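Here is a short note for a colleague who is new to this structure. Please look through the sequence and the model first, then read the points below.

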Amino acid sequence: MSNPNCTNSLILAASNVKEWLEDYCEGETETIPFLKYYYVDLPEEYRVPALIIFAILFMAIFFNFLGTTADTYLAPSLEVISSRMKLSEAVAGVTLVALVNGAPDAISGIVAGGKESGGP
């Protein structure tokens with residue numbers, strides 16, 4: 001559960017940021033103490049460039065994971081389906097990939113619509 005005292009505005013307004021983080025933000029991160037690294041260890045002029053580099057690295061890694069997963073699981077399945085339905089690669093790419101992309105939303109909508117109450 002998030003601590004209401006561990007917000008950016010309160011951290012920046014604290015006279016001693018390190019003590020504030022230890023007192024109010026302990027346990028906000030489990031493995032890596034990101035808040036301590038960001039507010040205490042990283043000089044203020046390097047915070048924005050560090051976040052930009054981290055975001056670019058994060059996106060590159062996860063796009064790589066996404067591409068690897070699609071190559072391993074999605075492409076072979078689409079090849080089998082399109083060959084059995086005797087579709088060209090272009091038609092299969094346009095129709096079947098769109099179907100696969102929208103399937104989670106459709107399934108969650110069907111499941112949510114079938115419930116009588118709003119709760120789980």
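**Notes on helix α4 and the nonpolar patch**

1. Start with what is hidden. Arg47, Leu78 and Ser82 of α4 are buried. Keep in mind that this is a predicted model.

2. What covers them? The cover over the buried residues of α4 includes α1 (8-13), α3 and α5 (89-114).

3. Now the helix itself. α4 runs to 38 residues. From its first C-alpha to its last it reaches 54 Å, close to the 56 Å expected at 1.5 Å a residue. There is a bend, though: α4 turns by about 40° at aspartate 71.

4. Look just past the end of the helix. Lysine 86 comes just after α4 and takes a positive phi of about 55°.

5. Next, the surface. A nonpolar patch of about 1300 Å² lies there. Its residues are Ile32, Phe34, Tyr37, Phe54, Leu57, Phe58, Met59, Ile61, Phe62, Phe63, Phe65 and Leu66. Two elements give two or more residues to the patch: α3 (34-41) and α4 (47-84).

6. Which element gives the most to the nonpolar patch? It is α4, with nine residues. So α4 holds buried residues, since Arg47, Leu78 and Ser82 are under 20% relative accessible area, and α4 also supplies residues to the surface patch.

7. One patch member deserves a closer look. Phenylalanine 34 sits in helix α3. Is this residue buried or exposed? Neither label fits: phenylalanine 34 has a relative accessible area of 46%. Buried means under 20% and exposed means over 50%, so a value in between counts as partly exposed.

Terms used:
Residues are numbered from 1 along each chain as its sequence is written. This is a predicted model: local features need pLDDT of at least 70, side-chain atom pairs count only at pLDDT 80 or more; totals for chains, interfaces and linings use all residues. Side-chain values use heavy atoms; hydrogens and water are left out. Patches are made of residues with over 30% relative accessible area and no salt bridge: like charges are joined within 9 Å, nonpolar side chains (Val, Leu, Ile, Met, Phe, Trp, Tyr) within 5 Å. Accessible areas come from the Shrake-Rupley method with a 1.4 Å probe; for residues, only the protein chains shown count as cover. A salt bridge is a side-chain nitrogen of Lys or Arg within 4 Å of a carboxyl oxygen of Asp or Glu. Helices (H or I, at least four residues) and strands (E, at least two) are DSSP runs, numbered from the N terminus. Buried means under 20% relative accessible area, exposed over 50%, partly exposed in between (1.4 Å probe, protein chains only). The expected span of a helix is 1.5 Å times one less than its number of residues. The bend at a residue is the angle between axes fitted to the seven residues ending there and the seven starting there. Contact means heavy atoms within 4.5 Å.
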